[in-house]
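Thanks for making the time this morning. I would like to walk you through one model, so please have the sequence and the structure open as I talk.

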Amino acid sequence: MNAAVRAVARAAMYNNIEVVGIERGYAGLLGEEFIKMDLRTVSNIIQNGGTVLYTARCLEFKEDAVQQTAVEICKKHHIDGLVVIGGDGSFRGAAKLSAKGVPCIGIPGTIDNDIAASDYTIGFDTAVNCVTEMIDKIRDTSRSHMRCSVVEVMGRRAGYIALQSGIASGATCILVPEVPMPYSDILKKIEDGKASGKSHFIIVVAEGVGGTQELTKKIEEDTGIVSRCTILGYVQRGGSPTVRDRVMASEMGAYSVELLKKGIGNRVVVYKDGNITDFDIQEALHMKKAFPMDLFATAGEISI
Ligand code: F6P
């Protein structure tokens, strides 16, 4: 997020466009929580996790009257364009503001990678690298004690974090909401692994699957292998961003300014088939993202 904020601010200033940062998203826009930005305001932030602009959920922004108030506030402060970093909810707000005369550009930012229009969302790579590092650490205990570690990772209703980190950490099973796996299959994988000499087991569960603690208990009861559950939580949303995230955010940020400079609004910047491009927000919101079934199948094959 900080890399994107920095890129937007710097690209705008490079083009002699004045920039204000809005704290706490739409909530801060309504509260007129603006900070005037100069070239140095965004210095020394690219390496930091979180966001210097803070963030907030703003459910009231769904209301037409509230959106109208936001438009008036933009007019009052001579805000001619807005870059919104977030997910589908933020983009819906951006589409409404664009329709009401404030051109907005959306940048996909979420660790979940669950925004359909874009193959990549800012934060994903940092999150999966963090999760993989954490599972590597968990494995040390799992291996030493010959245990089964069940690790729940984030992703809301999506399994992208689980799939990537599960492959990267050599998990025996990866459970994702997109591909329900019967409990009997999980047991079989553990029993088969045991029979072939596996001494310990890592099961990665996407939070959208649910029931991680119950699953851990059941595995211990049914296999006799001491099993422990770890819910990683916010650790995977923090830390210094990876190179991939910093570069992607920088590209998307600069691209969004290019669009606004041309007077274009109501677009979302995306990474698609290896390129940075943009889509109409409504079109983007109606897209569907296919879960990478081939990769999921490969994960199953190489985890025996
Ligand atoms: O969307 C990012 C995410 O971290 C999800 O993976 C998770 O379900 C959710 O946010 C948790 O958000 P909060 O704890 O702020 O409600």
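**The ligand and the two domains**

Let me begin at the ligand, where, in this predicted model, a polar side-chain atom of Arg57 lies 3.0 Å from an oxygen atom of the ligand. Arg156 also has an N or O atom in its side chain 3.0 Å from an oxygen atom of the ligand, and for Glu207 the distance from a polar side-chain atom to a ligand oxygen is 2.5 Å. On its own the ligand has 400 Å² of accessible area, of which the protein covers 73%.

The shell around the ligand consists of Arg57, Thr110, Ile111, Asp112, Met154, Gly155, Arg156, Glu207, Tyr234 and Arg237, and by class these residues divide into three nonpolar, two polar and five charged. Where does the ligand lie with respect to the two domains? Domain 1, which is 2–123 + 241–285, and domain 2, which is 126–237, both contribute residues to that shell, so the ligand lies between them.

Turning to the domains themselves, their C-alpha centres are 35 Å apart, and nine residues of domain 1 contact eleven residues of domain 2. Together the two domains bury about 810 Å², with 52% of that on carbon and sulfur atoms, and on the domain 1 side Ile111, Asp112 and Thr242 supply 56% of the area buried against domain 2, more than any other three residues.

Between the domains there is one salt bridge, and the side chains of Asp112 and Arg156 meet in a salt bridge at 3.8 Å, N to O. The side of domain 1 that touches domain 2 comprises two nonpolar, three polar and four charged residues.

How values were computed
Residues numbered from 1 in each chain as written. Predicted model: local features only at pLDDT ≥ 70, side-chain atom pairs only at ≥ 80, totals over all residues. Heavy atoms only, no water. Domains from an automatic or database assignment. Contact = heavy atoms within 4.5 Å. Buried area = accessible area lost by both parts, 1.4 Å probe. Salt bridge = Lys/Arg side-chain N within 4 Å of Asp/Glu carboxyl O. Nonpolar A, V, L, I, M, F, W, Y, C, P; charged D, E, K, R; others polar. Near = heavy atom within 4 Å. Polar contact = N/O pair within 3.5 Å; in protein donor to acceptor, adjacent residues only side chain to side chain. Areas by Shrake-Rupley, 256 points an atom, 1.4 Å probe, with all protein chains shown as cover.
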